[in-house]
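Open the model in your viewer, keep the selection tool at hand, and follow the stops below in order.

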Amino acid sequence: MAGRVITITSGKGGVGKTTATANIGVALARRGKRVACLDADIGLRNLDVVLGLENRIVYDLVDVVEGRARLRQALIKDKRLPDLCLLPAAQTRDKTAVKEAQMLKLVEDLKKDFDFILVDSPAGIEVGFKNAIAPADEVIIVTTPEVSAVRDADRIIGLVEAAEKPAPRLIINRLRPAMVKRGDMLDTKDVLEVLAVELIGIVPEDEGIITSTNKGQPAAFDDRSPAGGAFTRIGQRLLGEDVPFMVFDDSSGLFDRVSKFLKR
Amino acid sequence: MTPISFKGTREGIHISLGDQPWREIMDELGQQLVRPGAQSFFRGARVQLDTGARLLGVTELEELIALMAQHQMTLTSVIGEAETQDAFIKLRSALPAPPEILPAPPAEAEPPATDATALLIHRTIRSGQLIRHAGTIVVIGDVNPGAEVIAEKDILVWGKLRGVVHAGASGDASAMVGALYLAPTQLRIGSSIARAPDEKRAPVWSAEIARIRDGQIVVEPWNAA
């Protein structure tokens, strides 16, 4: 059996790659899939913190690549979901510590034991990004509805295409319906008009994400969280389910959970 | 691994470099060029080079150009990353014209039409991508913000033009830019520069062309042209 390798990337930093990786991982694992989250952001690791697994790290990705630990030793099982594992990045090294071939080999090994391998890419377009994209079967681009983030996402899509990967899919993160309504924020249509790729999820701005990130408890565990719900639906779409896109209506001050089909 | 590929086009030969290590590419290219029967295909050809995501420096391009020159081939355009393009531009201005092995045309002949043909690009040009060509460029797709298209003749975009374009890049003020949706970040023709108005204009889908009239860049509907 061979798992699906999905790389989550963005170009611009701070748009929510790591949050997306953690939450999609949780969403898939809650559906009984075996998921390995791989932190490719060597030297600036975060995924362990967001998943609340920081204090369990003994070995990391670089230890595995350099032969100091076996893959199984470095993988950290999630305390809440036995199907979810994390392969943390090294914090004391940098991106040059891993070569593309080593990354491919590592992911190839993980594919034997997992249904999904989610690779959390570093920001940027340099070697770290290239390592993260090399093993990908699928690519998910995260952007926020800001011109700068969309510009970088466009650049990344070009690079993904040049690497001859299948057309990437898009998550629009931190959308603020009230601002869109006032015309102060790009809406989904504006973003898709530039990027022209398939949308796989829209995640509303949600203060709860900050709390959940700080606590190491991804929002996708909480069925009442608006952002967590959006990530859960992204997980379902990855599993091939046809889930309607939410229309976030801010008229009541809350996100009206009226689901309408958003015809694209 | 993607190997090198060759495609004969009306404009010449399109070579995609593939993703093998550089030495292997040069070796394979060298072999391909001397294969029996290859001489007639390659000899005197104008080459469009597609470097994909690979970054080529001045040294590598020089090596490539030298190899092509041995077969009387000329590199006319490069499609690829900005770094590679920069190296190409540096070489084009620094190097003498390709060695003249073919007899020079008689003086009264028409000016050489070598670089006047069009480059057709059938995809969206995304942020960070740069297309440069010695003739006209036709894009079927969008030119996104952050992308650049530079032609020595006209630029036509069958789609949304929102990046930076420069028509008549070698100083040709008669060049024009046309698009189905003309909203470039910056538009240059010859040595004139125009930029998008600071206030946002309601997006309209109507083919427009920009050209120079009385020393100014003027945008008008296509049908008025």
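Begin by selecting residues 177-182 of chain B, which form strand β11, together with strand β9 of the same chain: the two pair in the parallel sense over five bridges. Helices (H or I, at least four residues) and strands (E, at least two) are DSSP runs, numbered from the N terminus, and two strands are said to pair if DSSP finds at least two bridges between them. To see one such bridge, select Lys160(B), whose partner in β11(B) is Tyr181(B).

This is a predicted model, in which local features need pLDDT of at least 70 and side-chain atom pairs count only at pLDDT 80 or more, while totals for chains, interfaces and linings use all residues. Residues are numbered from 1 along each chain as its sequence is written, and chains are lettered from A and ligands numbered from 1 in the order in which they are written.

Next, add strand β7 (residues 137-140) of chain B, which pairs with β9(B) in the parallel sense over four bridges; here Val139(B) stands opposite Val157(B) of β9(B). Is β9(B) largely enclosed or not enclosed by the rest of the structure? Strand β9 (residues 155-161) is largely enclosed, because five of its seven residues are buried, a residue being buried if 20 or more other C-beta atoms, placed from the backbone, lie within 10 Å of its own.

Now move to chain A and select helix α7 (residues 147-162) and helix α9 (residues 188-195), whose axes come within 10 Å and cross at roughly 35 degrees. Such axes are lines fitted to C-alpha atoms, for helices over the stretch in contact, and angles run from 0 to 180 degrees between N-to-C directions. From α7(A), the contact takes Val150(A), Ala153(A), Asp154(A) and Ile157(A), and from α9(A) it takes Val191(A), Val194(A) and Leu195(A), where contact requires C-beta atoms, placed from the backbone, to lie within 7 Å.

While α7 of chain A is still selected, find Glu161(A), which belongs to this helix. Glu161(A) counts as buried because it has 20 C-beta neighbours inside 10 Å. If you then select Lys111(A), you will find it 50 residues from Glu161(A) in sequence and 23 Å away in space, C-alpha to C-alpha.

For the last helix pair, select α1 (residues 17-30) and α11 (residues 226-238) of chain A, which pack at about 65 degrees with their axes 8 Å apart. Among the residues that meet there are Ile24(A) in α1(A) and Phe231(A) in α11(A).

Finally, display both chains: their contact takes 11 residues from chain A and 11 residues from chain B.

Terms used
Two residues are in contact if their C-beta atoms, placed from the backbone, lie within 7 Å. A residue is buried if 20 or more other C-beta atoms lie within 10 Å of its own, exposed if 12 or fewer, and partly exposed in between; C-beta atoms are placed from the backbone.
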